[in-house]
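Student: Could we go through this two-chain assembly step by step, beginning with how its strands pair? I would like each term explained when it comes up.

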Amino acid sequence: MKKSIIAGAIVALLSTSAFAAEDFKIQGATDDLPAGCTFLNLQDGAMEWDESTNSWYTSSDAQIRVKTRDILGLSVATDKALYDAIGAVDDVVEVDYSASTAQGENTRKNVSIATDENLLVITTDAGGNVLNIGVDHGVLASDSFVAEDNTSYWMINTATCTQ
Amino acid sequence: MRSIKLVIASLMIMAWAPFGAQAHSMTPGYEKKFAPGDVVNLAYTIKNEYDFPAIYRLEVYDKEGHNLEEGWRVDQETVKLFSGNYKRVRLKIKMDEDVKERKVLVCSVLHKVGYDEKDPTTISRVCSRLWLWR
């Protein structure tokens, strides 16, 4: 008798729990948020000289990480000058950004790149994303440029985010 | 034993993680402002969260962002910010009498980096669209 009362109580408890189980959510909504660009990281790259082709190639991409929301655009460009410790040494003939990459951390958004003569443009569909850009450019030096031995050279890249 | 593993894991994370949050941002973003007078007074806040001191400058470009505009002035040529700091820069933009609207980009540009104020080779530039009208 005692056992059947306990069993009955357990069954009643279980059935009550089953009826009581309901999904619920905690909901929130955002206000009308402004467009925004926040550069999260900038990391210089490296390039190597190829005497046979009179050009520089990127051995390590420059890395740019940008948090964006509804931006108008993001671009990377150089002033087409090659620098050493004293200043500009060469107006290079060509900068080719076509090996650069752009990826969004939000995979639901489309991110694509387009390259112009001296410019890499990253386009995204509307909304928020964190973009990781690997800047890789080939640089063709002018015919008059002669590389000095044991000398550091660099190109200056400007990443512009328009909000 | 567990605490040794925890220490090793923490050291590995420290080795991989960047040293602090890094960011360069500017507010406000896009603005459309009524400009009845000859001069419009504005203010932009530049924030430096790179893990090193940085110097920024505020500049006004044409709406394509290619060329510097004329007819504007800032209250400070450059802004030196330590890591995590922000500062407000005041900007005055001229509106000529016969002009009905003016569209420009107001940009904060990374100018120098570090305690030794070196020229950066990768430069961040945050630009806000500004549309003045009357």
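**Strand pairing, interface and core**

Student: Which residue stands opposite B:Lys47 in S7(B)?
Tutor: In a predicted model such as this one, local features need pLDDT of at least 70 and side-chain atom pairs count only at pLDDT 80 or more, while totals for chains, interfaces and linings use all residues. Residues are numbered from 1 along each chain as its sequence is written, and chains are lettered from A and ligands numbered from 1 in the order in which they are written. Strand S3 (residues 39-48) and strand S7 (residues 86-94) of chain B pair in the antiparallel sense over nine bridges, where pairing requires that DSSP finds at least two bridges between two strands, and strands (E, at least two residues) and helices (H or I, at least four) are DSSP runs numbered from the N terminus. Opposite B:Lys47 in S7(B) stands B:Tyr86.

Student: B:Ser25 stands opposite which residue in S3(B)?
Tutor: S1(B) and S3(B) are paired in the antiparallel sense over four bridges. The residue of S3(B) that stands opposite B:Ser25 is B:Lys47.

Student: In S1(B), which residue is the bridge partner of A:Phe39?
Tutor: Here the pairing joins the two chains, since strand S1 (residues 36-43) of chain A and S1(B) pair in the antiparallel sense over two bridges. The bridge partner of A:Phe39 in S1(B) is B:His24.

Student: Which strands stand at the edges of the eight-stranded open sheet?
Tutor: The order of this antiparallel sheet is S8(A)-S11(A)-S4(A)-S1(A)-S1(B)-S3(B)-S7(B)-S5(B). Neighbouring strands are turned by 20° against each other on average, direction ignored, with axes taken as lines fitted to C-alpha atoms, for helices over the stretch in contact, and angles running from 0 to 180 degrees between N-to-C directions. Each edge strand has a single partner strand, so one side of each is left without a neighbour in the sheet; these strands are S8 (101-104) of chain A and S5 (72-74) of chain B.

Student: And which strands stand at the edges of the open sheet of four strands in chain A?
Tutor: That sheet has the order S2-S3-S12-S7 with antiparallel pairing, and within it A:Trp56 has A:Val139 in S12(A) as its bridge partner. Because each edge strand has a single partner strand, one side of each lacks a neighbour in the sheet, and the two are S2 (46-50) and S7 (94-96) of chain A.

Student: Which strand supplies the largest share of the side of chain B that touches chain A?
Tutor: Contact between two residues means that their C-beta atoms, placed from the backbone, lie within 7 Å, and 19 residues of chain B are in contact with 21 residues of chain A. Strand S1 (24-27) and strand S9 (122-133) of chain B each supply at least two residues of that side of chain B. The largest share, eight residues, comes from S9(B).

Student: In S9(B), which residue is the bridge partner of A:Thr160?
Tutor: Strand S13 (residues 154-162) of chain A and S9(B) run parallel and are joined by six bridges. In S9(B), A:Thr160 has as its bridge partner B:Arg125.

Student: Which residues of chain B are in contact with A:Cys161, leaving aside its neighbours within four places in sequence?
Tutor: With those neighbours set aside, the contacts of A:Cys161 in chain A include A:Cys37, A:Val66 and A:Leu74. Across in chain B, A:Cys161 is in contact with B:Val126 and B:Cys127.
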